[in-house]
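Work through the exercises below with the coordinates open. Each task is followed by a solution in steps.

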Amino acid sequence: MPLSAAVAMAATTVLVAGAAAAPVDVDPVEVAPAPGAAAPAPRADLSHHGYVSLWGDHIAIRIRSENRGPSDVTASTVRLRFSAPLAARQELPYGCLRGGKATVLCETGGLRSAGGARQTALDLTLAGRPDEVVVRLDTVWNGGARDTDRKNDVHEVLAPATGDAYAF
């Protein structure tokens, strides 16, 4: 076992006279790294909320991305996957690019801890005119931060072709 691993294990165990070793409730982010060891990843809680609207061959998506902290995030990227292929020609907003026939990736930029939200607006054209589309949205890059609450940045939305806004 490398020395740094042995030091980390010893730091999380307390011996009480006459008792077996018991782990201490220590958050590993708060423990200083051993000399030569990599620093622990900062913690952040990214969230994406918004709505999807489908009518004809058009789909509109509005995303509000924010970071509830405790650490700032220098950059992040949100991925949108569609159950129907997108038209070959698209006008994508600055910071977005195609990731495949039915995938778009958009950078949200830096997100300060408990700071303001970043808005992303996409107006896309589908290859056909489906009756409904499933949109899957998730974070694929968060600046290397550790996000222990993924429920608020991973969504799946069914959008029928009614023109109504379906929230996520």
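**Exercise 1. A hairpin and its sheet**

Task: Find which residue takes a positive phi in the hairpin of β3 and β4, then place these strands in their sheet.

Solution.

Step 1. Two residues lie between the strands in the hairpin of β3 and β4, and Gly-56 has a positive phi near 55° there. The model is a predicted one.

Step 2. β3 spans 46-55 and β4 spans 58-67. The two strands run antiparallel and are joined by 10 bridges. One register point is Tyr-51, whose bridge partner in β4 is Arg-62.

Step 3. On to β11: β3 pairs with this strand in the antiparallel sense, over three bridges. Tyr-51 stands opposite Ala-167 in β11. Tyr-51 therefore serves as a register point towards β4 and towards β11, given that two strands count as paired if DSSP finds at least two bridges between them.

Step 4. β4 is also joined to β8, by eight bridges, and these strands run antiparallel. Here Ser-65 has Arg-118 in β8 as its bridge partner.

Step 5. Put together, the four strands give an open sheet with the order β8-β4-β3-β11 and antiparallel pairing. β8 and β11 (165-167) are the edge strands; each has a single partner, so one side of each lacks a neighbour in the sheet. From one strand to the next, the twist averages 15°.

**Exercise 2. The disulfide**

Task: Which cysteines does a disulfide join, and what is the handedness of the link?

Solution.

Step 1. Searching the whole structure gives one disulfide. The joined residues are Cys-96 and Cys-106, with an S to S distance of 2.0 Å.

Step 2. The angle about the S-S bond is 115°, and the link of Cys-96 and Cys-106 is right-handed.

Step 3. Cys-96 belongs to β6 (residues 96-100) and Cys-106 to β7, 10 residues apart. β6 and β7 pair antiparallel over four bridges, and a hairpin of two residues joins them. Cys-106 is also the bridge partner of Cys-96.

Step 4. Cys-96 and Cys-106 are both buried.

**Exercise 3. The environment of Asp-153**

Task: Decide whether Asp-153 is buried or exposed, and list the side chains with which Asp-153 makes polar contacts.

Solution.

Step 1. Asp-153 sits in the loop between β9 (132-141) and β10 (154-160).

Step 2. The relative accessibility of Asp-153 is 1%, so this residue counts as buried; the cut-off is under 20%.

Step 3. The side chain of Asp-153 has a polar contact of 2.9 Å with that of Thr-139. A polar contact with the side chain of Arg-150 is at 3.2 Å.

Step 4. Leaving out residues up to four places away in sequence, Asp-153 touches residues including Leu-46, Ser-47, His-48 and Asp-147.

**Exercise 4. Nonpolar cores**

Task: Identify which residues touch the most other members of the largest nonpolar core.

Solution.

Step 1. The largest core has 23 residues; Ile-59, Ile-61, Phe-82 and Leu-122 touch the most other members. β3, β4, β5 (77-82), β7 (103-107), β8 (118-125), β9 and β10 each supply at least two of its residues.

Step 2. Ile-59 touches, among others, Val-52, Phe-82, Leu-122, Val-133 and Val-135, with residues up to four places away in sequence not counted. Apart from this core lies another one of five residues, including Ala-44, Val-73, Leu-111 and Ala-145.

**Exercise 5. Three loop residues**

Task: Where do Ala-84, Pro-70 and Ala-114 lie, and what is notable in the backbone or surroundings?

Solution.

Step 1. Ala-84 is in the loop between β5 and β6 and counts as buried, because its relative accessibility is 12%. Its C-alpha is 7.5 Å from that of Pro-130, though the two are 46 residues apart in sequence. Beyond four places in sequence, Ala-84 is in contact with Ala-102, Leu-126, Pro-130 and Val-133.

Step 2. Pro-70 lies in the loop between β4 and β5. The peptide bond joining Gly-69 and Pro-70 is cis, with omega about 15°.

Step 3. Ala-114 lies in the loop between β7 and β8. Its phi is near 55°, a positive value in a residue other than glycine. With a relative accessible area of 69%, Ala-114 is exposed.

Key
Residues are numbered from 1 along each chain as its sequence is written. This is a predicted model: local features need pLDDT of at least 70, side-chain atom pairs count only at pLDDT 80 or more; totals for chains, interfaces and linings use all residues. Side-chain values use heavy atoms; hydrogens and water are left out. Buried means under 20% relative accessible area, exposed over 50%, partly exposed in between (1.4 Å probe, protein chains only). A polar contact is a pair of N or O atoms within 3.5 Å; within protein, one must be able to donate a hydrogen and the other to accept it, and residues adjacent in sequence count only if both atoms are side-chain atoms. Contact means heavy atoms within 4.5 Å. A nonpolar core is a set of buried Ala, Val, Leu, Ile, Met, Phe, Trp, Tyr and Cys residues joined through side-chain atoms within 4.5 Å. A disulfide is a pair of cysteine sulfur atoms within 2.5 Å. Axes are lines fitted to C-alpha atoms, for helices over the stretch in contact, and angles run from 0 to 180 degrees between N-to-C directions.
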